[in-house]
Amino acid sequence: MQRLAVIGGSGLDCWGTPSRQYDQSTPFGAPSAPIAAFERGNSELLFLPRHGSDHSLAPHRINYRANIAALAALAPDAIVAVNAVGAIAPKHLPGALVLPDQLIDYSYGRDHSFFDGEAGPLAHVEFAEPFSTGLRRQLLQAAQQARIALHDGGCLAVTQGPRLETAAEITRLAQDGNTLVGMTSMPEAVLARELNLPYVCVAVVANAAAGLGETITQAAIEQVLDAAMNETRRLLVALTD
Ligand code: HPA
């Protein structure tokens, strides 16, 4: 992969010292932060922290359209989004990396389309498989080669946040068929689809979802994510090899 874009989430707000930085503006406003570029051999990694460099943007305040438009202007081959999530399926333990293949969107009030008849002509994109199957395959191969455990498949519920869910909400999400819960994959995934950019989500399990384990604390989440992000970085670097 020559030019990989990475959208970092909670626990991954910074990638390091970039070789250069793009201060993109878009018709939708500014992205969450300047896009940092890292060159490595013949490949380049573009990094955008979706919550901002100082982690100050709540999930419903992120300008998803500006983020995807700014990345698209740099013509990446693909976007890998990293999302901290809660586990609904008991098989996913804190620290696990999961590659979901489906999602259900429970978020609301977010600008969720480039083709809504205002920002652009009205269009109904195909979205039966919300994550790129080709890119999922490439990531699974990269994980296998780098000996990184990456669980294949799952359904990701996208909730509004920034609060965590109630135990009853998690029961309902489980009944709906969700195995993971996060707050930021939508509208990110569909905006990438609207612009024909292959997009996948690497879900990093931070905790057992509400009511399914210990009381969730920010400190515990941060501790788990700190450790799991090293493995996540390794996976992304393996994809650019
Ligand atoms: N729910 C929603 N989003 C999350 C969670 C959770 O339990 N943990 C990390 N992101």
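## A predicted model, from surface to ligand

Ala75 is exposed, with a relative accessible area of 54%. That value passes the cut-off, because exposed means over 50%. Ala75 belongs to the loop between H1 and S5. Its backbone also deserves a look. Phi of Ala75 is near 50°, a positive value in a residue other than glycine. Keep in mind that this is a predicted model.

### Another positive phi

His55 also has a phi near 50°, and here too the value is positive in a residue other than glycine. The residue lies in the loop between strand S4 (43-49) and helix H1 (64-73). Is His55 buried, partly exposed or exposed? With 38% relative accessibility, His55 is partly exposed. The reason is simple: partly exposed covers the range between under 20% and over 50%, and His55 stands at 38%.

### Two cis peptide bonds

Now turn to the prolines. Gly161 and Pro162 are joined by a cis peptide bond, with omega about -5°. Pro162 is in the loop between strand S9 (155-158) and helix H3 (167-175). A cis peptide bond also runs from Met186 to Pro187, where omega is near 10°. Pro187 sits in the loop between S10 and helix H4 (188-194).

### Buried residues

Next come residues with little of their area accessible. Each row gives one residue, its element and its relative accessible area.

| Residue | Element | Relative accessible area |
|---|---|---|
| Thr240 | helix H5 (residues 218-240) | 9% |
| Val98 | strand S6 (residues 97-99) | 0% |
| Ala70 | helix H1 | 0% |
| Glu44 | strand S4 | 10% |
| Ala189 | helix H4 | 1% |

Why does Glu44 count as buried? Glu44 has 10% relative accessibility, and buried means under 20%. The side chain of Glu44 also has a partner. It makes a polar contact of 2.6 Å with the side chain of Arg3.

Thr240 is buried too, at 9%. Which atom does its side chain reach? It reaches the backbone oxygen of Val237, at 2.7 Å. Thr240 itself is part of helix H5, which spans residues 218-240.

Three other buried residues show how distance along the chain and distance in space can be set side by side. Start with Ala70, buried at 0% relative accessibility. Ala70 and Gly29 are 41 residues apart in sequence. Their C-alpha atoms are 9.4 Å apart in space. Val98 is buried at 0% as well. It is 40 residues along the chain from Ala58, and 23 Å separate the two C-alpha atoms. Last in this set is Ala189, buried at 1%. Ala189 and Tyr199 are 10 residues apart in sequence, with 6.5 Å from C-alpha to C-alpha.

### Around the ligand

Where does the ligand sit? It sits in the largest pocket. The residues around it are Ala84, Val85, Gly86, Leu164, Glu165, Val181, Gly182, Met183 and Asn207. By class, this shell holds 5 nonpolar, 3 polar and 1 charged residue. The charged one is Glu165, because Glu counts as charged.

Which strand gives the most to the shell? S5 does, with 3 residues. Strand S5 (78-87) and strand S10 (180-182) each supply at least two residues of the shell.

Some of these neighbours come within reach of a ligand nitrogen. Take Asn207. An N or O atom in its side chain is 2.7 Å from a nitrogen atom of the ligand. The backbone takes part as well. A polar backbone atom of Ala84 is 3.3 Å from a nitrogen atom of the ligand. A backbone N or O atom of Gly86 lies 3.5 Å from a nitrogen atom of the ligand. How much of the ligand does the protein cover? On its own, the ligand has 260 Å² of accessible area, and the protein covers 93% of that.

### Drawing it together

The route began at Ala75, exposed in the loop between H1 and S5. It passed the cis bonds before Pro162 and Pro187. It then went to buried residues, including Glu44 with its contact to Arg3. It ended at the ligand in the largest pocket.

Definitions and conventions
Residues numbered from 1 in each chain as written. Predicted model: local features only at pLDDT ≥ 70, side-chain atom pairs only at ≥ 80, totals over all residues. Heavy atoms only, no water. Near = heavy atom within 4 Å. Polar contact = N/O pair within 3.5 Å; in protein donor to acceptor, adjacent residues only side chain to side chain. Areas by Shrake-Rupley, 256 points an atom, 1.4 Å probe, with all protein chains shown as cover. 1 Å grid on protein atoms, 1.4 Å probe; cavity = no way out; pocket = protein on both sides within 12 Å on 5 of 7 lines; lining within 4 Å. Sits in = over half its atoms within 2 Å of the grid points. Helix = DSSP H or I, 4+ residues; strand = E, 2+ residues; numbered from the N terminus. Buried < 20%, exposed > 50% of the residue type's maximum accessible area, 1.4 Å probe, protein only.
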